[in-house]
Amino acid sequence: MNTKMKRLTALLLALVMVFCLAACSSSADTEETETEEVTEEAAEAEAVTEEAAETEEEPAQEDAAQEESADSAAYDTSGWEDIKFIVATADNENDYSSQCLQWFMEQVEERSGGKLTFQVYYGGTYCSLAEEYDNVSSGAIDMTLWNQSSNSDVFPMTAFIGLANGNQEALDMTNYLVYENSETSAIYEKYATEGNIKMLGYLPAGTSLFCSTSEITTFADFSGITFGTMLNAALWESLGFNVVSCAPADMYESLSRGVVDSVCQAFPAAISRMFYEVTDYAMLTSYSAVCYNFLFNLDKWNSLSADQQALLEEVMDDLYDYSLGLYDELQSQWTETWESATGNAIVNMSEEDAQLYIENSYKMNYQTYSAIAENLGQAEDFEVIADAVNEYLGIDCRADVE
């Protein structure tokens with residue numbers, strides 16, 4: 001091979017090597033670029049998927065929040081003006097009745113978004129028990145937790161009803177006569193309106209406790225012992241009790257000195273007055289009376305919107321269940337206190353004694369309140385109420401006490 005031929009061959013070989021190197025470099029760059037593109041596309045796809053998932057999740061969370069908001073705020077209160085109600089009660093702040101009142105006020109404030117609030121006076125600091133009705137009627141206060149027996153001379157038909165066998169039955173009976181029975185509810189509304197009153201709802205007064213220095217299981221056991229009371233002496237005597245006049249404030253001392261052998265007080269009062277220190281035995285009543293009435297000034301009530309009125313009525317309806325549950329809880333605590341202090345179990349009153357007490361009470365109360373109603377010119381309406389009570393309870397309140 002001559003010199004020219006060798007040079008030509010070397011040149012061709014060099015060119016082939018250059019082309020090969022260029023091809024290899026191009027292939028590597030392409031693969032790297034494709035890998036980067038695939039990686040970027042995968043990342044973008046993952047991002048799109050996550051974004052779509054978040055987008056789907058957000059409406060679900062918003063829907064849940066909206067549903068929760070709808071459940072907790074059934075009323076559109078955005079256009080409501082702020083209203084503060086003035087409330088007064090003769091009961092003390094820690095009493096069962098006041099605890100129910102506090103729950104009512106808290107629920108109204110919460111459900112109205114703070115638009116409806118209350119300023120409350122406890123323990124008769126604004127007005128006495130006997131003055132509550134007149135203060136609501138005149139508008140001096142907006143609402144009270146009224147003990148309806150305190151103004152029987154004004155509204156005898158409210159004082160007459162509400163005694164039944166147990167808290168639930170007492171509430172059911174009162175609601176039936178005051179709100180559900182068309183004939184009797186019209187009568188109650190008429191006299192409430194005349195007094196510039198809205199009767200919003202009721203609370204049960206609860207059970208009572210017979211406390212004795214000797215063992216008691218039935219009414220018959222009271223025939224040989226003295227019984228101290230200032231109220232309804234004729235009723236207790238009709239049940240076979242030996243009545244001795246004794247004011248509630250004197251009961252503890254009278255029991256400790258042996259002036260009386262037994263007394264009967266509302267269960268919480270018997271505990272707060274520590275009768276378990278001076279008596280060993282107790283019998284719990286099964287009967288209960290509804291005597292707490294949420295009274296609202298009618299002018300104030302009529303100044304409220306339909307939604308505001310509906311909210312107050314809704315909370316009142318819910319208060320019925322709350323009050324019954326609260327009373328059961330408190331009664332368990334009172335029972336434990338008594339039994340721990342005396343070492344003796346509280347005896348439950350028999351159904352026979354409870355029925356006898358209820359019947360005799362209505363017979364006695366009929367004589368008292370029908371006379372008041374007649375003096376007020378309400379006799380005809382009172383007789384309608386008496387008929388309804390007889391029908392509901394299956395008794396004859398006009399019969400003589402046996």
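This text describes a set of paired strands, a helix and a pocket in the structure above. The model is predicted, so that local features need pLDDT of at least 70 and side-chain atom pairs count only at pLDDT 80 or more, while totals for chains, interfaces and linings use all residues. Residues are numbered from 1 along each chain as its sequence is written, and side-chain values use heavy atoms, with hydrogens and water left out.

Helices (H or I, at least four residues) and strands (E, at least two) are DSSP runs numbered from the N terminus. Two strands pair if DSSP finds at least two bridges between them. Strand S1 (residues 83–88) runs parallel to strand S2 (residues 116–121), to which 6 bridges join it; Ile86 has Gln119 in S2 as its bridge partner. S1 also pairs in the parallel sense with strand S3 (residues 143–147), over 2 bridges, and here Val87 stands opposite Met143.

Helix H5 (167–180) has 14 residues and reaches 18 Å from its first C-alpha to its last, close to the expected 20 Å (1.5 Å times one less than its number of residues). Its buried residues (under 20% relative accessible area, 1.4 Å probe, protein chains only) include Asn167, Leu171 and Val178.

Val178 also belongs to the lining of the second largest pocket, together with residues including Tyr188, Lys198 and Leu298. A pocket is an open set of points on a 1 Å grid where a 1.4 Å probe fits, with protein on both sides within 12 Å along at least five of seven lines; lining residues have an atom within 4 Å of a point. The largest share of this lining, 5 residues, comes from H6.

How values were computed: Buried means under 20% relative accessible area, exposed over 50%, partly exposed in between (1.4 Å probe, protein chains only).
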